[in-house]
Amino acid sequence: MSLVHETDYGTPVSKSSEMVTLTIDGQPVTVPAGTSIMRAAMDIGTKVPKLCATDSVDAFGSCRLCLVEIQGRPGTPASCTTPVGAGMVVSTQTERLKQIRKGVMELYISDHPLDCLTCAANGDCELQDMAGAVGLRDVRYGYDGENHTKQEKDESNPYFTFDPSKCIVCSRCVRACEEVQGTFALTIQGRGFDSKVSAGMAEPFVDSECVSCGACVQACPTATLSEKSLIEIGQPEHSVVTTCAYCGVGCSFKAEMRGEELVRMVPYKDGKANRGHSCVKGRFAWGYANHRERILKPMIRETIDQPWREVTWEVAINRVASEFKRLQAKHGRLAIGGITSSRCTNEETYLVQKLVRGGFGNNNVDTCARVCHSPTGYGLRTAFGTSAGTQDFDSVEHTDVVLIIGANPTDAHPVFASRMKKRLRQGAKLIVIDPRRIDMVRMPHIEAQYHLPLRPGTNAAMLNAIAHVIVTEGLVNEKFVRDYCDLDAFEHWASFVAEPQNSPETVGLMTGVSAESIRGAARLYASGKNSAIYYGLGVTEHSQGTTAVMALANLAMATGNLGREGVGVNPLRGQNNVQGSCDMGSFPHELSGYRHISDDATRTMFEKLWGRPLDAEPGLRIPNMFDAAIDGTFKGIYVQGEDILQSDPNTKHVQAALAAMECVVVQDLFLNETANYAHIFLPGSTFLEKDGTFTNAERRINRVRKVMTPKNGMADWEITLAIAKAMGFEMPYSHPSEVMDEIARLTPTFAGVSFDLLDKVGSVQWPCNEKAPLGTPVMHIGGFARGKGNFMITEYVPTDEKVGPRFPLLLTTGRILSQYNVGAQTRRTDNVVWHEEDVLEIHPHDAEERGVRDGDWVKLDSRAGGTTLRARITDRVAPGVVYTTFHHPNTQANVVTTEFSDWATNCPEYKVTAVQVSPSNGPSEWQREYNEQAEHSRRIAKVAAE
Ligand code: SF4
Ligand code: SF4
Ligand code: SF4
Ligand code: FES
């Protein structure tokens with residue numbers, strides 16, 4: 001294995017369709033108009049020396065190293081900033097150019113510390129390379145003049161250092177921060193010799209607006225901005241391309257290794273989801289893989305108040321099988337079930353559902369998508385015929401109006417947010433529908449045309465009001481509706497939304513948003529040439545989550561914003577493989593590819609291949625499993641890679657359910673909160689330790705590649721196979737690629753997918769089959785998967801969760817950039833620097849009424865339970881609304897959330913809880929007890945492990 005080197009073409013690719021032919025160093029070359037001479041030269045294998053140019057950002061032309069001569073033109077123009085012209089005759093290697101370049105390099109080197117041998121970038125430094133490329137042998141000016149070599153390092157960022165003594169002021173970092181990341185945290189301060197790169201207002205990096213995406217580190221041609229891990233470990237010697245295991249963007253990375261040690265994660269330019277960009281989590285927050293709290297040996301205990309006992313894999317697996325068999329013998333076939341993980345690979349997820357259906361003999365399998373995007377699956381399938389987003393991420397480059405609802409892309413989907421921000425800076429318009437003023441509403445060079453800060457729980461009403469404007473003001477795309485949609489359904493829907501109760505004036509009173517803003521936003525969305533909807537859990541996690549998804553689908557169909565680039569309805573999926581876990585048949589009623597378990601033909605196909613009869617009755621959903629456990633009929637559960645105690649609503653209810661079971665098997669990296677109730681703990685493997693695939697939010701199937709041996713001795717897929725075998729259900733696979741081959745055989749939308757294809761083309765978006773051998777970037781072109789697009793009636797039904805005198809505020813929840821989900825991984829990295837604890841955002845008016853000051857401890861109570869956390873006073877939330885994150889188990893935000901859920905899918909109503917906030921002296925008694933218990937369990941685990 002060797003290091004994967006990606007070519008740097010110096011300047012971005014031109015997307016022009018017009019072609020231009022010129023001659024460079026005597027060779028003809030034809031490239032798209034707008035291409036730089038530097039890039040055109042690369043096409044014929046000529047590398048023009050360069051320092052300030054890199055192909056991730058626009059050319060700047062400051063270093064003067066890339067000069068060329070053009071016949072008939074005076075001077076020596078920079079090849080990075082000069083576009084090609086038809087018939088141009090260019091020379092890149094004349095004696096004159098050589099002398100100029102040498103002179104330029106002499107100046108750079110005379111002001112550079114000569115510590116190459118001990119520099120972290122030695123061997124991977126563009127300055128060093130260029131000195132060699134121009135044949136520099138001596139520096140005529142000496143090294144003793146005025147220079148910058150004694151400047152102090154900024155080591156404030158936990159992941160990278162800034163050593164200004166090595167800076168050549170090429171501004172690649174500044175441009176990367178602006179153009180790639182869109183944060184504008186860096187500037188070049190001063191002029192001439194005094195120019196220097198500065199973060200924020202000359203602050204340490206960690207105190208500036210910097211979000212630690214690493215784009216500047218990647219762009220830096222010297223060791224000025226360097227990963228600390230690189231400095232510590234040294235230059236990598238091989239790399240493996242794999243996929244980030246955090247969010248649904250699914251960024252591709254090169255895992256750069258030294259032996260078995262990971263040196264750094266470098267975003268992969270050929271990654272089609274991220275195009276070479278990353279966020280702080282994927283790029284830097286991988287240290288959890290080596291965290292001392294990671295459990296590496298299987299453990300068992302008879303009861304949950306006993307200490308854990310370390311055992312061999314054989315003993316642990318046999319215990320799982322014998323306990324599950326015992327429970328089924330005593331309580332019946334339906335007494336056990338399993339939960340698949342959206343953090344695990346497609347292959348692993350598929351195996352867990354196969355184990356449940358074939359090995360347990362029931363359909364009691366569900367996934368964490370239940371608590372996030374299950375309404376997306378149901379809603380989009382009903383409207384369009386496919387349970388997935390309609391576009392690829394590239395599509396946003398063609399969008400004129402972006403509508404974001406119930407999503408916070410800069411925190412939850414940061415790399416896609418950067419692409420979206422780029423499009424907005426180019427002039428696309430923005431509508432944000434969210435109770436909270438998310439960053440996208442106003443940030444450098446971006447301002448939403450409309451922010452509709454609606455009251456939590458009123459999405460369906462708001463979307464109906466937007467539809468009302470579209471229908472009553474004649475903004476319907478009649479041709480699209482006539483050509484592609486069910487006309488009866490449309491007419492029925494149109495007369496429903498036109499009713500007065502859906503007018504912006506009436507809905508304005510319910511949502512707290514002015515009718516004028518609703519009308520303005522509706523007109524903007526409907527009149528955009530290409531309008532695209534992006535939504536998140538702020539849409540799905542409601543009692544009307546499915547209704548709102550259908551309402552979004554209605555809007556897109558009514559305005560003809562489907563079936564081409566730049567438009568569509570796009571769920572921003574939360575976890576890395578939530579799309580995949582749904583695709584793989586993790587729901588109790590569906591086999592892979594969303595085929596109902598009661599469908600005889602489909603079931604028979606699986607039965608034949610698996611050699612087992614399958615139950616035609618759908619199994620239990622997660623909340624039903626909990627209820628059945630409390631009722632005493634559900635006794636055992638296999639939970640792969642999900643902390644249901646922390647992530648599911650109404651924590652006390654989940655605790656009661658887990659405590660009522662006789663065998664809880666948890667497979668995870670750490671002793672998570674659910675493990676407090678487990679009898680068997682199976683140590684899981686990280687994404688770095690296994691092969692497989694993840695499917696991201698744009699249906700893109702990406703390879704996950706093993707870069708190191710599983711520290712626990714077994715990859716997650718091997719653990720499931722071992723359990724199946726011990727239960728007498730052999731699943732003979734020797735590699736995850738064979739699992740994918742089976743998935744492809746049984747699933748029409750995956751029929752063309754194989755590891756071989758993915759290794760060849762990088763990634764594909766399903767459907768990938770005979771009709772679309774290289775996948776389907778944009779869906780529903782020329783018609784919907786279900787035939788005619790289906791308009792659904794989306795009547796607004798207010799949630800039963802009502803504010804009143806006892807609980808007068810509405811709590812809504814969300815995520816923060818540096819932490820991920822329940823924080824099991826990110827809390828075990830230096831990302832805690834940015835978010836040590838969950839806090840409660842509260843409007844100044846509500847805080848003042850309660851005598852709460854910024855930073856005070858407050859008690860947050862709902863009818864389900866209470867917790868305590870610190871207050872942050874901010875007008876990001878409207879009066880009457882409070883907001884928190886749920887990353888820390890010592891806050892347990894879900895103690896407060898209720899049992900209400902989506903009518904169609906049981907997705908919990910996390911986003912609306914009536915609460916009261918009152919001053920407090922610190923963590924509640926319940927929290928203190930809980931923390932002590934958790935700490936106790938962790939100590940026991942540590943002792944056992946030692
Ligand atoms: S890490 Fe990202 S946000 Fe921070 S300065 Fe660099 S490019 Fe900008
Ligand atoms: S820090 Fe690096 S990228 Fe930024 S100006 Fe200096 S040398 Fe160039
Ligand atoms: S945006 Fe998501 S997938 Fe990409 S690096 Fe960040 S966490 Fe990973
Ligand atoms: S690379 Fe062209 S001027 Fe620097």
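In the predicted model, helix α2 (residues 95-110) packs against helix α3 (residues 126-133) at an angle of about 140°, with the two axes 10 Å apart. Because angles over 145 degrees would count as roughly antiparallel, α2 and α3 are therefore classed as oblique to each other. The crossing in which α2 passes α3 is left-handed.

Further along the chain, strand β10 (residues 252-258) pairs with β11 in the antiparallel sense, and six bridges join the two strands. Together β10 and β11 form a hairpin in which two residues lie between the strands, and Gly259, located in the turn, has a positive phi of about 60°. Within this pairing, Phe253 stands opposite Pro267 of β11. Strand β11 itself, which spans residues 261-267, is mostly covered, with six of its seven residues buried.

Phe253 also belongs to the set of residues around ligand 3, which further includes Cys244, Tyr246, Cys247, Val249, Gly250, Cys251, Cys279, Lys281, Gly282, Pro414 and Val415. To this shell α7 (280-284) and α12 (414-425) each supply at least two residues. Classified by residue type, the shell around ligand 3 has nine nonpolar, two polar and one charged residues.

The surroundings of ligand 1 consist of Phe160, Cys177, Leu186, Phe205, Cys210, Val211, Ser212, Cys213, Gly214, Ala215 and Cys216. By class, nine nonpolar and two polar residues make up the shell around ligand 1, and no charged residue is present there, whereas the shell around ligand 3 has one charged residue.

Key. Residues are numbered from 1 along each chain as its sequence is written. Chains are lettered from A and ligands numbered from 1 in the order in which they are written. This is a predicted model: local features need pLDDT of at least 70, side-chain atom pairs count only at pLDDT 80 or more; totals for chains, interfaces and linings use all residues. Side-chain values use heavy atoms; hydrogens and water are left out. Buried means under 20% relative accessible area, exposed over 50%, partly exposed in between (1.4 Å probe, protein chains only). Helices (H or I, at least four residues) and strands (E, at least two) are DSSP runs, numbered from the N terminus. Two strands pair if DSSP finds at least two bridges between them. A residue is near a molecule or strand if one of its heavy atoms lies within 4 Å of it. Ala, Val, Leu, Ile, Met, Phe, Trp, Tyr, Cys and Pro count as nonpolar, Asp, Glu, Lys and Arg as charged, and the others, Gly among them, as polar. Axes are lines fitted to C-alpha atoms, for helices over the stretch in contact, and angles run from 0 to 180 degrees between N-to-C directions. Angles under 35 degrees count as roughly parallel, over 145 as roughly antiparallel, 65 to 115 as roughly perpendicular and the rest as oblique. A crossing is left-handed if the near helix is turned anticlockwise from the far one by less than a right angle, and right-handed if clockwise.
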